[in-house]
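Here's a quick briefing on a predicted complex. Have a look at the model first, then we'll go through confidence, fold and packing.

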Amino acid sequence: MSRAETTATTALRAHSPEVSAARARRWGSLYFAEHVLRVMKSYGWTIIMYGVGQPVAYLFAMGVGLASLVDTSSTPIFGGVSYLVFIAPALLVSAAVMTAASELTFPIMDGFKWRRVFYGPHASPLTPEQIALGQIIAVTVRFLLQSAIYFAVVALFGASPSGWGWVSILVATLAGLAFGLPLMAYAASIKQDKGQFAMVMRFIVMPLFLFSGTFFPLDTLPLAVRWIGWISPIWHGTELGRVFSYGYPEAPLLTIAHVVFLLALTVLGWGLTKRQFIRRMAG
Amino acid sequence: MSPAETGPPQYVITAENLTKRYGDVVAVDGISFSVPAGEAFGLLGPNGAGKSTTMKMIGGVSQRTSGSLSIMGLDPDQNGPEVRAHLGVVPQQDNLDEELKVRDNLLVYGRYFGLPMSYLKPKADELLEFAQLTDKAKSKVDALSGGMKRRLTIARSLINEPRILLLDEPTTGLDPQARHILWDRLFRLKEQGVTLILTTHYMDEAEQLCDRLIVVDKGRIMAEGSPASLIREYSTREVLELRFGSERNATIGAELKGIGERLETLPDRVLIYAHDGEAALEEVSARGLRPVTSLVRRSSLEDVFLRLTGRSLVE
């Protein structure tokens with residue numbers, strides 16, 4: 001052992017295992033969230049560019065380009081607001097859901113199967129439940145950050161006339177969790193990658209994105225497909241976002257129903273995720 | 001500190017009738033052992049013997065089906081986080097975070113124990129030096145060789161200064177040089193009084209590192225003792241290895257009868273267990289038998305395993 005090593009050894013003492021265990025029991029999920037956030041930092045620029053680039057592109061293409069045709073219509077199908085104002089909350093919510101579909105699928109599979117990063121903390125005082133929650137906390141931070149950037153761009157476009165528009169940052173985050181947590185539970189249950197996530201993107205995320213009142217009000221769709229919106233966290237989040245963003249007139253009971261639906265999916269998703277993590281790691 | 005200095009041994013791990021079943025499969029079948037503080041204790045056995053399952057139960061990540069288990073006086077099924085806070089764990093498969101840099105892997109791992117950055121930063125540097133990875137501190141993990149990743153995993157397991165280190169097949173897949181570097185690091189830890197619990201299917205590793213070991217097969221303990229005492233008890237001092245060609249090996253047994261103490265016929269060679277290997281070889285020649293090759297060597301744990309199970313350790 002070198003002299004430097006010896007000196008360092010005598011100077012440095014870790015606290016006792018009892019302290020480690022007590023701290024881990026209390027703060028364990030935050031410790032794992034810190035790990036995931038450090039990993040996210042390594043692709044931080046991608047997150048920021050995605051966060052800024054996507055709203056600018058969508059708002060410009062849809063809210064300015066497409067709107068120049070749509071807004072000439074004399075029928076007030078968008079509740080008397082411009083098309084840009086109409087779609088901005090929807091795009092904000094959809095972006096969070098898209099992020100959920102990437103952050104809560106492949107990284108979960110990675111943690112259990114490919115690089116098995118969840119098994120590192122599992123050998124430490126952390127519990128499977130804390131590892132799952134840490135991952136969720138870190139992704140929630142990304143939802144908040146990304147939605148805040150998105151909202152700032154929306155505000156710059158003048159597309160959030162109400163003073164309560166900022167609440168849609170929280171709405172988008174809730175919608176991201178409501179959609180993402182059941183998906184996370186599913187991702188945690190997969191043992192073999194057979195392209196399931198590509199199927200989820202094609203057959204769940206895209207239809208929900210297109211038929212959730214994102215680009216046109218849900219009630220313009222035939223009843224036969226309107227149910228897609230009713231079960232879609234994107235629709236519930238979008239409608240809620242519109243209420244805050246421009247005072248979209250809606251029955252208060254319906255507004256409450258949106259919140260309850262999103263919360264219920266989040267709670268259900270968390271329960272299932274927790275169960276899968278414990279089952280998968282208990283071995 | 002050796003157990004002799006402290007009077008009666010202080011057991012850090014005690015297992016009694018430890019059993020683990022997966023459905024109808026019995027992975028660990030009622031094993032009992034105790035490990036005193038500061039000992040290097042090995043579980044030697046072939047793949048699928050139940051070594052890793054035992055390690056997972058000790059590590060508090062797999063619940064036992066029955067029996068009792070105590071780590072530092074705690075039940076890992078009841079006090080998982082408390083037990084794991086005492087341990088350093090080197091798993092069979094590396095699970096480093098390849099998206100983080102080498103040093104960051106140590107920092108994030110230390111945070112799981114609630115250790116502050118003021119401790120972790122210098123400690124990480126100290127451990128990187130110990131693992132001979134100081135110049136790789138800012139590299140990404142995927143740029144490291146297999147041996148370097150193993151050393152980093154060992155460094156990571158030491159971040160909380162554990163008194164018990166669990167090592168599951170620590171050198172599997174490494175080249176001989178990388179294995180020797182790793183063994184040297186483990187020796188140093190042993191000198192510092194860290195209790196090492198090690199699984200391996202390499203008998204040379206078990207002989208090098210372990211003060212005492214249990215030979216495990218099909219979830220059961222076949223024998224227990226120090227490497228030297230196991231060899232003394234279950235084998236002779238020397239072994240004469242003869243090769244007569246794959247077709248003759250099986251039939252030559254009758255002609256070799258009476259030479260040495262015991263004869264073992266394997267598909268590729270015949271083993272004669274004798275106190276004096278050279279004398280046994282002379283007798284083989286005296287009987288007019290001409291092996292293609294012959295070799296006299298000291299008995300090893302491989303021979304112990306063969307004697308106990310009738311099978312070779314690495315098949």
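Let's start with how far to trust chain B: confidence there bottoms out in helix H9 (residues 246-249) of chain B, with a mean pLDDT of 79, and peaks in helix H3 (residues 102-111) of chain B, at 97. pLDDT is the predictor's confidence in each residue, from 0 to 100, and helices are DSSP runs of H or I with at least four residues, numbered from the N terminus. This is a predicted model, so local features need pLDDT of at least 70 and side-chain atom pairs count only at 80 or more, while totals for chains, interfaces and linings use all residues. Residues are numbered from 1 along each chain as its sequence is written, with chains lettered from A and ligands numbered from 1 in the order in which they are written.

**Confidence**
- Chain B averages a pLDDT of 91, and 96% of its residues reach 70 or more.
- For the complex, the predictor gives an ipTM of 0.87 and a pTM of 0.89.

**Chain A**
- Chain A has 12 helices and zero strands.
- Its C-alpha trace spans about 80 × 40 × 35 Å along the principal axes.

**Packing**
- The largest nonpolar core (buried Ala, Val, Leu, Ile, Met, Phe, Trp, Tyr and Cys residues joined through C-beta atoms within 7 Å) holds 148 residues, and Val97(A), Ala175(A), Ala155(B), Leu166(B) and Leu196(B) touch the most other members.
- Helix H4 (residues 83-103) of chain A gives the most to this core, with 16 residues.
- Buried means 20 or more other C-beta atoms within 10 Å of a residue's own, with C-beta atoms placed from the backbone.

Technical notes. A residue is buried if 20 or more other C-beta atoms lie within 10 Å of its own, exposed if 12 or fewer, and partly exposed in between; C-beta atoms are placed from the backbone. Helices (H or I, at least four residues) and strands (E, at least two) are DSSP runs, numbered from the N terminus.
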